[in-house]
Amino acid sequence: MKNEILAFLSYMVVSKHHGELDNFANFISVLSGDEKNKTLLKQQFESIDRGKLQEVITGLGIDFDISNYTVDEFGNDIDYLTSRKVRNKVKELMGFETFLLINFLFSLLIFSDKLEAIYNSENINIEDFIDKNTRRPKLSSDCVDKFKEGLEVKNIRMAEWRNKAYQDVLNSVENLPLEEKILSINLPTGSGKTLTALKAALRLKERLIEEKGYNPRIIYVLPFTSIIEQNFDVFQKVLGTTESNVLLKHHYLSQRVYQWEKEGEMESLSDSVSEHLVESWDSEIVVSTFVQLLHSIFTNRNRKLKKFHNIVNSIIILDEVQSIPHRYWNLVRETFTAMQGILTVILFL
């Protein structure tokens, strides 16, 4: 096997995708020497439509011909994958990075599996969703400047001070080495921090697309639902849209409604699809709470983890970060330090 560790972790998440992720030690003990499991896997392998699976494999750009892959070879690979040698290699890699990788693989699988199940049960053409979702909307950071130009100036001196702070932050963003992933903006209350942070995040998003070739989502989290409502309303006005694939609000009191524009009119998706996409944070900009973010990282729960793949490779803005209880500071710091190693940008306010 080219990457036996990744193969082992993939086997682990597939075997658990109808339940919760298990403790690694428990998974090892269940898997080790389980001949009944291995026999069942071989039977499942024999029942696969090789032609359709080959189309998927080829579409993913994987150089592998499954037509020549025999059941005996598959069995031998399973035996090797579950051998003490491979298990010991995986144990040696246990840490934050492996923890995040397992969550990422699990999230990708359960998000796709649940979405397909919902569409099949409701007899909906999933191709419509794939077509819309793969053409992610392009956001311009200029929208913040245009919004600011239309604001009423009540205090000239305060407005000048806010604009200076705004420009200072933007100059820092323009000159920022993109290898720096953990950042902070220190501004007092009333200084226009929300719009400044949104502009900075959108500009970072543009730079990452242009210079690094990947398109991060933006996740803006706050401690209280009341503040979320205020910020969400401002963001809607700035972006000039109510499409959920552009801007999404999610907390325990928010409605699970997912809508986008189709043929010039707003279309709301079905209740089950909406709930799945809202809870998966399937949007360019998500406004949510610390609780939702942290409970989606430090968990083994199936439902909570289905948004994790949209947290990875994103720009995370933590507003009023001091609101996180101090007993969690070390855990949060260590985890976000590990996450910034997999493209995620963390912005503390």
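What follows is a working chat about the cores, pockets and helices of a predicted model.

Reader: What kind of model is this, and how are the residues numbered?
Author: This is a predicted model, where local features need pLDDT of at least 70, side-chain atom pairs count only at pLDDT 80 or more, and totals for chains, interfaces and linings use all residues. Residues are numbered from 1 along each chain as its sequence is written, and side-chain values use heavy atoms, with hydrogens and water left out.

Reader: Which residues touch the most other members in the largest nonpolar core?
Author: Leu293, Ile316, Leu318 and Phe336, out of 53 residues in that core. A nonpolar core here is a set of buried Ala, Val, Leu, Ile, Met, Phe, Trp, Tyr and Cys residues joined through side-chain atoms within 4.5 Å. Buried means under 20% relative accessible area, exposed over 50%, and partly exposed in between, with a 1.4 Å probe and protein chains only.

Reader: Which helix gives the most to it?
Author: Helix α7, residues 96–121, with nine residues. Helices are DSSP runs of H or I with at least four residues, strands are runs of E with at least two, and both are numbered from the N terminus. Another core, of 38 residues, lies apart from the largest one and has Ala201, Leu202, Phe235 and Leu347 among its members.

Reader: Switching to pockets. How much space lies in the second largest one?
Author: About 810 Å³. On a 1 Å grid over the protein atoms alone, a pocket is an open set of points with protein on both sides within 12 Å along at least five of seven lines, a cavity is a set where a 1.4 Å probe fits but cannot get out, and lining residues have an atom within 4 Å of a point. Points are joined across faces, edges and corners, and a volume is the space filled by probe spheres set on them.

Reader: What lines that second largest pocket?
Author: The lining has 29 residues, and Leu151, Arg162, Ser191, Gly192 and Leu195 lie nearest the centre. Two or more residues each come from α9 (142–149), α10 (156–174), α11 (193–212) and α12 (225–239). Of the elements, α10 gives the most, with five residues.

Reader: How does that lining divide by residue type?
Author: Ten nonpolar, ten polar and nine charged. Ala, Val, Leu, Ile, Met, Phe, Trp, Tyr, Cys and Pro count as nonpolar, Asp, Glu, Lys and Arg as charged, and the others, Gly among them, as polar.

Reader: And how many cavities of 30 Å³ or more?
Author: Two. The second largest cavity holds about 40 Å³ of space, and its lining, which includes Leu176, Glu180, Lys181 and Val345, divides into six nonpolar, no polar and two charged residues.

Reader: Back to α11. Why is it called largely enclosed?
Author: Because 15 of its 20 residues are buried. Helix α11 reaches 27 Å from its first C-alpha to its last, close to the 28 Å expected at 1.5 Å a residue; the expected span is 1.5 Å times one less than the number of residues. Just after α11, Gly213 takes a positive phi of about 80 degrees.

Reader: Which residues other than glycine have a positive phi?
Author: Trp281, at about 60 degrees, is one of them, and Asn313, near 65 degrees, is another. Trp281 is in the loop between α13 and β6 (285–289) and is buried at 1% relative accessibility. Asn313 is in the loop between α16 (308–311) and β7 (314–318) and is partly exposed at 28%.
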